[in-house]
Amino acid sequence: MATYYADRAHEYERICDKPERQADLQQLRCTVQSRFSGLEVFELACGTGYWTELLASSANWVFATDINEEVLTLARARTVDRRRVMFQREDAYALPALPRTFTGGFAGFWWSHLPRTRIRDFLRGFHRVLSPGARVMFIDNTYVEGSSTPISRTAPDGDTYQLRRLDDGSTHEVIKNFPTKPELIAAVDGSAKDVQVEFLRYYWVLQYTFAP
Ligand SMILES: C[S@@+](CC[C@H](N)C(=O)[O-])C[C@H]1O[C@@H](n2cnc3c(N)ncnc32)[C@H](O)[C@@H]1O
């Protein structure tokens with residue numbers, strides 16, 4: 001998965017151009033911008049910085065992380081206020097102890113790539129970088145027949161996969177899960193309050209307050 005996104009770095013944002021998704025995308029952008037206004041945000045798997053740029057327009061500070069230097073290089077080239085954004089290479093599954101905790105936590109289009117068996121562990125590590133009461137948001141894709149890349153196989157554990165083709169002709173099998181609302185709520189049970197899940201046509205949004 002990490003290698004696929006390194007190879008796809010220069011093609012990644014084309015996904016945002018799909019005309020039928022523009023209304024939903026605009027709604028997501030408003031939700032993200034207002035949710036983190038004035039906060040210190042930890043962004044996980046920031047990719048090329050599409051959401052980082054938006055977060056930085058309202059948050060007090062954004063610490064944006066990703067495992068791939070290829071995408072971080074593109075993210076660093078964005079016109080963001082350097083005093084309010086810092087990019088750093090980090091593995092989502094092995095986040096270090098940081099000298100501070102954050103009042104906001106955000107990840108866009110990351111959850112769908114989480115193997116089901118790793119969700120709990122991942123959340124434990126992610127929550128460690130947050131302050132109690134932090135606002136958290138995950139956004140990701142819903143599966144829409146005719147618009148989404150078809151699911152190529154379902155593993156015995158329920159994880160689903162897609163075959164993705166890049167401009168260089170290479171094909172990559174990528175894990176891509178489409179959780180239901182009850183699954184999302186269950187995943188954060190025990191560490192969240194004020195949980196909200198909204199399903200738009202093309203995207204879902206999970207929001208909660210971190211309550212350890
Ligand atoms: C679907 S992209 C989302 C990028 C960005 N959040 C966005 O919405 O534009 C997934 C990102 O996860 C990153 N990634 C893959 N494995 C990772 C890991 N173990 N730790 C942190 N980031 C990872 C990839 O490099 C890629 O940038």
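Which residues are buried in helix α5 (residues 119-128)? The tour comes to them after a look at the whole chain.

**Before you start**

This is a predicted model: local features need pLDDT of at least 70, side-chain atom pairs count only at pLDDT 80 or more, and totals for chains, interfaces and linings use all residues. Residues are numbered from 1 along each chain as its sequence is written.

**The whole chain**

Show the protein chain as a cartoon. Its secondary structure comes to six helices and ten strands; helices (H or I, at least four residues) and strands (E, at least two) are DSSP runs, numbered from the N terminus. Along the principal axes, the C-alpha atoms fill a box of roughly 40 × 40 × 35 Å. The radius of gyration of the protein chain is 16 Å, which agrees with the value near 17 Å for a compact globule of 212 residues. That radius is taken over C-alpha atoms, and the globule rule is 2.2 Å times the number of residues to the power 0.38.

Of the 212 residues, 33% are buried. A residue is buried if 20 or more other C-beta atoms lie within 10 Å of its own, exposed if 12 or fewer, and partly exposed in between, with C-beta atoms placed from the backbone. Two residues are in contact if their C-beta atoms, placed from the backbone, lie within 7 Å. Among contacts with a separation of 6 or more, 61% join residues 24 or more positions apart.

**Stop 1: helix α5**

Select residues 119-128. L123, F126 and H127 are the buried residues to look for in α5. They cover an arc of only 95 degrees around the axis, which puts them on the same side of α5; the arc is that of the directions from the helix axis to the C-beta atoms. Turn to the other side of α5 to find D121 and R124 exposed. Now add the elements that cover the buried residues of α5, including β1 (40-44), β4 (102-108), β5 (130-141), α6 (181-188) and β10 (203-210).

**Stop 2: F102**

Stay with β4 and select F102, which lies in this strand. F102 counts as buried because 23 other C-beta atoms lie within 10 Å. Beyond four places away in sequence, F102 touches E40, V41, F42, F63, V129, L130, S131 and A134. From F102 to F126 the C-alpha to C-alpha distance is 11 Å, with their positions 24 residues apart in sequence.

**Stop 3: the nonpolar core**

Next select V41, L55, A59 and V62. Of the 48 residues in the largest nonpolar core, these touch the most other members. Such a core is a set of buried Ala, Val, Leu, Ile, Met, Phe, Trp, Tyr and Cys residues joined through C-beta atoms within 7 Å. Strand β5 supplies the largest share of this core, six residues. Then keep L55 alone: apart from neighbours within four places in sequence, L55 is in contact with V32, F36, V41, E43, V62 and F106.

**Stop 4: a three-stranded sheet**

Hide the core and show β6, β7 and β8. These three strands form an open sheet in the order β6-β7-β8, with antiparallel pairing. The edge strands are β6 (151-154) and β8 (171-175), each pairing on one side only. Two strands pair if DSSP finds at least two bridges between them.

β6 and β7 (residues 160-165) pair over three bridges, and T154 stands opposite T160 in β7. Five residues separate the two strands in a hairpin, where G158 in the turn has a positive phi of about 100 degrees. β7 and β8 pair over five bridges, and Q162 stands opposite V174 in β8. The hairpin of β7 and β8 also has five residues between its strands, and G169 in its turn has a positive phi of about 90 degrees.

**Stop 5: two positive phi values outside glycine**

Select A45, in the loop between β1 and α3 (50-56). Though not a glycine, A45 has a positive phi of about 55 degrees. A45 counts as buried because 23 C-beta neighbours lie inside 10 Å.

Finish at D194, in strand β9 (residues 192-199). Phi of D194 is positive, near 50 degrees, and the residue is other than glycine. With 9 C-beta neighbours inside 10 Å, D194 counts as exposed.
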